[in-house]
Amino acid sequence: MHRFSLLLLLALVAAACQGEAAEPPTTTTMTTIAPTTTSSTTTTSTTTTTTTLPPTPTTIPAAPARDAPAPEADASPPTASRGAAVVAAGGADLYRDREAAEPYVRAHEGLLFPIVGRDGEWLELLDHCNDPGWVRFDQVAFSPWNTTTDRPGAGFDFSDAVIVVDPGHGGPNIGAVGPTGLIEKEVNLDIARRTRDLLNAPHTVDWETGEILDGSAIPPAGQVWLTRPEGPEGADIETGLTFRTTIADSLNAHALVSIHNNAAPDGPYDGPGSEVYHQVTSTESKRLSGLIVEEMRRGFSLFEADWVGDDDAGAKIRVGENGVDIYGILRLSDIPAVIAEGAYISNPSEEALLATPEFRQAYADAVYRSLVRFLTTDDGGSGFVDVEPFTAGGLSSGAPVQTCTVAAQPDE
Ligand SMILES: [Zn+2]
């Protein structure tokens, strides 16, 4: 690799924190605040941090389910030419082109790739470094893209929903780091898995309180996919922005929700300073962003914290002076996409909350309620703010990720 491109890449990785790659990571002074699991006031030499969990937390799963084991390979070629493929047990050979004598990697079982084309027994894919490749159908389990024509809104059958949840960052791209060392990529993955688990099971929601109950008023979603698939590092893998959005596009998903937590607030805020970015040209993306803001404010307000926020917290766009979305997840996706920045991991008080299963579950609950309302009602959401075009920095890139490698299946 050319040295200058490595340096450029390192600079980009270092900048990846808020959203994707817009602002530098916060290097807050280290304090010694332990994560709290009950109501407490923690005093340090410099600050007093109040972090209180709700008085009667409902049953909280301590940890989300692990990803499913690698599936069996398909027995017959697919008829669809777009969808998603999961590497079958034993791994799968990926080729740059079908004439190549050797595969460039035998991909690790369980990895997920969007399928963008098909030729006979060969499936054309985009690997998670944003590079093209081919794989034989009999080394993967293929899910064809969604052909339902229902649009989100009242009357939509939630059991037809195809939802892609994107845990922000991964691998060497760690995202923001809290003052006691809590790492954004790990928190995002845990929240995304909790969201997936909610979507995969039937529930009843008390819409007065927001409480999610055992019940069957809302069926499981039809398909739920995470963009950081289970690999040898337990889904702690680097994936490109184009890879993430191509999964959603290739599945013709109804929504793509990218899970993040924030850094670099303007200052203290009167309540949760949650931000959700939507696509500038999509009214559906905008509606979903307003619903997530509404449900986050409802759910997070049950917790007590020294909240921080931006002056323009809420549902909004982030566009450059040319009017296009700066964030690649929004710009590159053809389906309604949003980036949720639930809480400020850079704030000691909110970092302490983000360390608890209760708050992570509340985050997942808020995203779940928002998706149910987005897909099955005409609710419009709230918390929309007007923002000026963002002039600092360039567009986050969907180009191939030079530092990235596709995890290989270990030898038997
Ligand atoms: Zn982030």
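Reader: In what order do the five strands of the open sheet stand, and is the pairing parallel or antiparallel?

Author: The order is β8-β7-β6-β3-β9, and the pairing is antiparallel. At the edges stand β8 (132-136) and β9 (140-144), each with a single partner strand, so one side of each has no neighbour in the sheet. From one strand to the next the twist averages 40°. This is a predicted model, in which local features need pLDDT of at least 70 and side-chain atom pairs count only at pLDDT 80 or more, while totals for chains, interfaces and linings use all residues. Residues are numbered from 1 along each chain as its sequence is written, and side-chain values use heavy atoms, with hydrogens and water left out.

Reader: What counts as a strand or as a pair here?

Author: Strands are DSSP runs of E with at least two residues, helices are runs of H or I with at least four, and both are numbered from the N terminus. Two strands pair if DSSP finds at least two bridges between them.

Reader: How many bridges join β7 to β8, then?

Author: Five bridges join β7 (residues 122-126) to β8, and the two run antiparallel. Within β7's stretch of the chain, Leu-123 stands opposite Val-135 in β8.

Reader: Which strands of that sheet does helix α3 lie across?

Author: Helix α3 (residues 241-250) lies across β3 (83-87), β6 (112-119) and β7, and runs at about 60° to β6. Such angles run from 0 to 180 degrees between N-to-C directions, with axes fitted as lines to C-alpha atoms, for helices over the stretch in contact.

Reader: Is α3 largely enclosed or not, and why?

Author: Ten of the ten residues of α3 are buried, so the helix is largely enclosed by the rest of the structure. Buried means under 20% relative accessible area, exposed means over 50%, and partly exposed lies in between, using a 1.4 Å probe and protein chains only. The buried residues of α3 pack against β3, β6, β7, β10, β14 (255-262) and α5 (328-331). Among these buried residues are Phe-243, Arg-244 and Ile-247. After α3 comes Asn-252, whose phi is positive, near 50°.

Reader: Changing topic, what is the order of the six strands in the other open sheet?

Author: That sheet has the order β13-β10-β14-β20-β16-β19, with mixed pairing. Its edge strands are β13 (223-226) and β19 (314-316), each pairing on one side only. The twist here averages 20° from one strand to the next.

Reader: Where does α3 lie with respect to this sheet, and what does α4 touch?

Author: α3 lies across β10 and β14, running at about 170° to β10. Helix α4 (residues 283-300) also packs on the sheet, where it touches β14, β16, β19 and β20, and its direction makes about 20° with that of β20.

Reader: How many residues of β20 are buried?

Author: Eight of the eight residues of β20 are buried, and the strand is mostly covered. Six bridges join β20 to β14, which runs parallel to it, whereas β16 (residues 275-278) pairs with β20 (residues 337-344) in the antiparallel sense over four bridges. Ala-340 of β20 is the bridge partner of Ile-259, and Val-276 also stands opposite Ala-340.

Reader: What are the protein donors of the zinc ion?

Author: They are His-169 (NE2), Glu-184 (OE), Glu-184 (OE) and His-260 (ND1), and they lie 2.1 to 2.8 Å from the ion. His-169 sits in the loop between β10 (162-167) and α2 (184-199), while Glu-184 is in helix α2, 15 residues apart, and the pair links distant parts of the chain. Donors are N, O and S atoms within 2.8 Å of the metal (3.2 Å for Na, K and Ca), and sites may look incomplete because water is not among the atoms. Both His-169 and Glu-184 are buried.

Reader: What do the angles say about the site?

Author: With angles of 50 to 146° among the four donor atoms, the zinc site is irregular. Four donors count as tetrahedral if all angles lie between 85 and 135 degrees; four count as square planar and six as octahedral if opposite donors are over 155 degrees apart and all others between 65 and 115, and anything else is irregular.

Reader: What is Asn-188 in contact with?

Author: Leaving aside neighbours within four places in sequence, Asn-188 is in contact with Pro-167, Gly-168, His-169, Ile-259, His-260 and Asn-261, where contact means heavy atoms within 4.5 Å. Asn-188 lies in helix α2 and counts as buried because its relative accessibility is 0%.
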